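Colleague: Could you take me through one part of this protein slowly, as you would for someone in their first year? I would like a close look at the sheet and whatever packs on it.

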Amino acid sequence: MYSATDVIWVLIAAILVFFMQAGFALCEAGLTRAKNTGNILMKNMMDFCIGTPCYWIIGFGIMFAGSGPLIGGLDPLIQGNYDFGTLPTWCYAIFQTVFCATAATIVSGSMAERTNFKAYCIYSAAISLIIYPISGHWIWGGGWLSSLNFHDFAGSTCVHMVGGLIACLGAAMLGPRIGKYDKKGKARAIPGHNLTAMALGVFILWFCWFGFNGGSTVAMTADADMELASLVMFNTNLAAAVATVVAMIFTWIRYGKPDVSMTFNAALAGLVAITAPCDCVTPVGAFFIGLVAGFLVVLSVEFFDNVAKIDDPVGAVSVHMVNGMWGTLAVGLFSNGGDGVAPGLFYGGGFTQLGVQALGIVSVAAYVLIVMFIVFKVIDKTIGLRVPAQIEIDGLDMHEHGLASAYSGFAINDMTGMDMDVNENTDLGEDDYEKASKAQVDAAVKVVNKKTIVDGVYDTEMHKVSIICRLSKFDALKTSLNELGVTGITMTQVMGCGIQKGAGEKYRGVELDANLIPKVKVEVVVSKIPVDSVIEAAKKALYTGHIGDGKIFVYNVTKVVKVRTGEEDFAALQDVE
């Protein structure tokens with residue numbers, strides 16, 4: 001007999017969990033650079049759309065079509081008979097489908113800004129086909145861990161730790177983004193381009209988490225169901241709030257000011273940590289679980305950034321893997337014996353439940369890491385896991401999706417905003433022109449120096465040098481000109497294309513007239529410094545040997561006036577007080 005109340009409750013929860021995809025998309029896009037926004041949005045859409053049929057085809061059967069210790073069974077297209085109590089099979093199937101998609105989408109943020117999109121689609125499918133279903137069977141499908149009374153109410157291990165482990169492994173195998181570490185290995189900040197989107201994403205995730213955890217009661221008929229769902233929601237909210245406050249205070253003390261992105265990450269960390277024990281702890285337990293999560297997420301981000309050197313643009317490893325483990329262990333510490341779970345260490349239950357929880361973490365981690373290492377290696381050896389350096393520097397939107405900008409039509413005036421960050425570090429570890437053969441470099445930068453001093457007197461001919469180049473090369477160009485002694489530089493953000501017309505792309509099947517590419521125009525006026533020296537310095541700084549290195553234009557200047565002093569021409573260009 002089905003229960004209309006239970007079915008409506010679970011279906012509404014499934015809808016909320018699905019909407020978490022929007023939260024993840026906004027959060028990840030906001031914490032990465034604008035040039036990769038379209039790619040992030042596509043990945044969050046496609047992991048759900050690829051994962052849904054994959055889980056329907058074999059994933060659900062592997063997870064629930066039997067009670068074997070290691071695997072459920074094969075039930076292609078979900079045709080078997082299942083008993084989910086008061087819920088129809090399809091009700092429970094959609095509920096588990098959205099959980100599966102959540103595990104897959106966690107990986108997106110950690111491997112952002114340098115992953116081959118084809119590779120992402122393939123390993124996302126693997127997560128939905130075999131990774132989540134098998135580990136999920138062990139925990140929720142009647143497998144060997146459930147027989148040991150391993151407890152994970154809504155998925156700290158089954159969803160979040162699994163996704164976080166894959167994210168950590170993938171980020172480690174990919175290597176850091178270009179410019180994340182300097183030549184001495186010191187981490188550099190690569191700020192996200194839109195904290196508004198990030199914050200909205202976190203609020204959406206927090207809102208949807210009430211369905212994620214609350215809906216995992218999968219019942220709302222009896223008084224006991226109502227009490228349990230109410231406790232779960234209260235604990236969920238409390239742990240998240242406490243973790244957020246703790247991280248704000250901790251970063252305030254540690255960094256001198258409260259860190260915005262870290263504080264919002266802590267809200268998610270608290271939500272992840274309470275997901276496993278939310279049904280079997282009191283609000284006091286939830287308070288301390290959130291408190292630890294608030295400290296843990298900050299220290300974890302610092303560890304992976306500065307010690308492990310694993311570049312995680314959005315903090316997914318620290319939020320989901322680390323706090324997924326913490327939440328799983330918290331069951332063995334704070335369980336008060338409710339909902340059929342053995343009491344934890346702090347409630348007189350000894351180390352039994354804690355040991356089972358630790359065993360679950362180790363076994364699931366071993367399975368996930370071994371299988372996904374093989375999957376990543378196969379992908380890397382076939383189609384490639386990471387995009388080439390130049391594609392990464394230009395942005396995945398342009399090369400992977402033919403999208404000049406995810407913000408087309410918006411005026412970008414903030415020099416430090418969006419992705420027009422002129423100080424964005426793209427240091428490859430050595431200058432590009434040194435990578436090319438000596439003959440190529442000599443041919444590219446060879447100039448004839450003209451005599452500029454006659455009888456000890458400077459030739460006062462003045463020149464304006466206008467340089468059009470890549471956004472990513474501005475920092476190197478600025479440094480080169482400063483070393484040469486050029487004291488006045490004007491930089492303008494521009495959009496344009498050369499004779500290649502931006503290598504015409506299509507939008508919704510219609511070819512664009514020209515794909516205008518973000519560039520910068522750098523202008524200097526020189527007299528004392530030989531113009532040919534400026535040209536040589538610019539060419540060396542900008543040369544890669546690829547289309548799009550830019551152009552240099554030289555103009556004669558007939559008049560210069562320094563407003564402050566009234567000096568003119570040669571005198572006006574000298575940097576003297």
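Modeller: Happily; we will begin with the sheet, go on to its helices, and then visit a few loop residues. Please keep in mind that this is a predicted model, where local features need pLDDT of at least 70 and side-chain atom pairs count only at pLDDT 80 or more, while totals for chains, interfaces and linings use all residues. Residues are numbered from 1 along each chain as its sequence is written, and side-chain values use heavy atoms, with hydrogens and water left out.

Let's start with the sheet. Four strands form an open sheet in the order 4-7-3-8, with antiparallel pairing. Here helices (H or I, at least four residues) and strands (E, at least two) are DSSP runs, numbered from the N terminus, and two strands pair if DSSP finds at least two bridges between them. At the edges stand strand 4 (490-496) and strand 8 (551-557); each has a single partner strand, so one side of each is left without a neighbour in the sheet. On average, neighbouring strands are turned by 25 degrees against each other, direction ignored. For such angles, axes are lines fitted to C-alpha atoms, for helices over the stretch in contact, and angles run from 0 to 180 degrees between N-to-C directions.

Now follow one pair. Strand 3 (residues 462-470) runs antiparallel to strand 8, and seven bridges join them. In strand 8, F553 is the bridge partner of S466. In general, strands of a sheet pair through backbone hydrogen bonds, either parallel or antiparallel.

Next come the helices. Helix 17 (residues 474-484) packs on the sheet and touches strand 3, strand 4 and strand 7 (517-526), where contact means heavy atoms within 4.5 Å. The direction of helix 17 makes about 10 degrees with that of strand 7. Helix 18 (residues 531-542) lies across strand 3, strand 7 and strand 8, and runs at about 5 degrees to strand 3.

Finally, here are two loop residues to find for yourself. I78 sits in the loop between helix 2 (37-64) and helix 3 (89-110), and has a positive phi of about 55 degrees although it is not a glycine. I78 is buried, with a relative accessible area of 7%; buried means under 20% relative accessible area, exposed over 50%, and partly exposed in between (1.4 Å probe, protein chains only). K309, in the loop between helix 10 (283-306) and helix 11 (316-334), has a positive phi of about 60 degrees. K309 counts as partly exposed, at 34% relative accessibility.
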